[in-house]
Amino acid sequence: MRKIGFIGLGNMGGPMALNLVSSGLSVIGYDVDEKANLLAKENKIEIAIDIDSLVKDIDVLITMLPASEHVTGVYLEEKLLEKLDKSILVIDCSTIAPEVSIKVASAAKDAGLSMIDAPVSGGVAGAHAGTLTFITGGSVENIKRATPVLEKMGQQVLHAGDNGSGQIAKICNNMLLAIHMCGTAEAIALGVKNGLEPSVISEIMRNSSGNNWSLDKYNPFPGVMPDAPSSNEYKGGFLNKLMLKDLGLAAQLSDASNAETPMGDKARELYEELSGQGLGNLDFSSIQKKYYS
Ligand code: NAD
């Protein structure tokens, strides 16, 4: 493999690109934010001056962008697909609307390119540790081509179905994540307001039928898990505004498919409330503030 192009070097893309470099692969990156480029340079990632120079001499292109509009902006409006050599495998790891993913993959196909969607689960900690789960959509052949590269940044590559399916599975997962994070924060606060220590109620539920990922790996109550964002003033991690974006995608998906999602709708309402209070840039476990502060 000659070189991997990596567009979007933010909270997730930065450490993912670094893991590719650490595994011995050659990477050239680009971000519109100069601060992200500087940080990547400090981590020995080569930075392109613009997207046109990034796409020369690469054989895999990865994008890790915030939302649907950024993905359509780069691939379609800036006509990136037209600038790529046909041999390049295109992997979009951003979490975006499935229909946008399908539209971009179809434009890629029309341009003679192979593309998959590969949104991730595992958060910023997983991006740093190289333990992400990739939830992929696309042909079996293209997923197989992508797997050796994805395995340098994660532990699991799961295949949901055709293009766009990775996004559908990722959106279902994040709706469930929001629901159990809200429920976890609510239950801990109920225990604490009735005299229990936050670590005691957390440990009891963690070893009982209430256990879930938020409780086990990402406790929302400050001080219970020293390495969780809750113990660092909810800085970094997975931002409320990104969770709200994903819950909006879940709502669109449920409307379009006539699926009932009352719990997802309630979680969206709670995250809207947090963002409305100017807390959009805190980690999503800060929903704890709604119940106990
Ligand atoms: P981020 O905002 O930290 O990073 C995105 C980066 O893309 C930014 O640095 C931004 O400057 C850059 N960018 C935007 N437009 C660009 C363009 N036109 N060209 C080049 N760069 C551009 O976001 P993140 O937390 O890294 O999340 C990225 C994606 O991963 C999102 O879709 C998010 O939903 C998803 N995700 C995030 C997490 C998490 O814990 N943060 C977990 C799983 C999935």
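**Entry 1: strand S5**

Which residues point one way from strand S5 (residues 89–92), and which the other way? I looked: Leu89 and Ile91 go one way, Val90 and Asp92 go the other, and all are buried. My note on terms: buried means under 20% relative accessible area, exposed means over 50%, and partly exposed is in between, with a 1.4 Å probe and protein chains only. Strands here are DSSP runs of E with at least two residues, helices are runs of H or I with at least four, and both are numbered from the N terminus.

**Entry 2: what I am looking at**

This is a predicted model, where local features need pLDDT of at least 70, side-chain atom pairs count only at pLDDT 80 or more, and totals for chains, interfaces and linings use all residues. Residues are numbered from 1 along each chain as its sequence is written, and side-chain values use heavy atoms, with hydrogens and water left out.

**Entry 3: neighbours of S5**

I then checked what S5 pairs with; two strands pair if DSSP finds at least two bridges between them. Strand S4 (residues 60–63) runs parallel to S5, with four bridges. I picked out one pair there: Leu61 has Val90 of S5 as its bridge partner. Strand S6 (residues 114–117) is also joined to S5 by four bridges, and these two run parallel. On that side I found Asp92 bridged to Asp117 in S6.

**Entry 4: the whole chain**

I counted up the elements next: the chain has 14 helices and nine strands. The C-alpha trace spans about 65 × 45 × 35 Å along its principal axes. How does the radius of gyration agree with that of a compact globule? The chain has 20 Å, and a compact globule of 293 residues would be near 19 Å, so the two agree. That radius is taken over C-alpha atoms, and the globule rule is 2.2 Å times the number of residues to the power 0.38.

Of the 293 residues, 52% count as buried. I also looked at contacts, meaning heavy atoms within 4.5 Å. Among those between residues at least 6 apart in sequence, 66% join residues at least 24 apart. The chain exposes about 13,700 Å², and carbon and sulfur atoms supply 53% of that. Those areas come from the Shrake-Rupley method with a 1.4 Å probe.

**Entry 5: helix H1**

I went to helix H1 (residues 13–22) and found Ser22 in it. Is Ser22 buried or exposed? Ser22 counts as exposed because its relative accessible area is 57%. H1 itself is mostly covered, with seven of its 10 residues buried; among them are Met16, Ala17 and Leu20. After H1 comes Gly24, with a positive phi near 100 degrees. I also took one long span: the C-alpha atoms of Ser22 and Ile168 are 31 Å apart, with the two residues 146 apart along the chain.

**Entry 6: positive phi without glycine**

I noted Lys44, which is not a glycine but has a positive phi near 70 degrees. Where is Lys44? It is in the loop between helix H2 (34–42) and strand S3 (46–47). Lys44 counts as exposed because its relative accessibility is 69%.

Glu233 went on my list too, with a positive phi of about 55 degrees although it is not a glycine. I found Glu233 in the loop between helix H11 (213–217) and helix H12 (240–257). With a relative accessible area of 57%, Glu233 is exposed.
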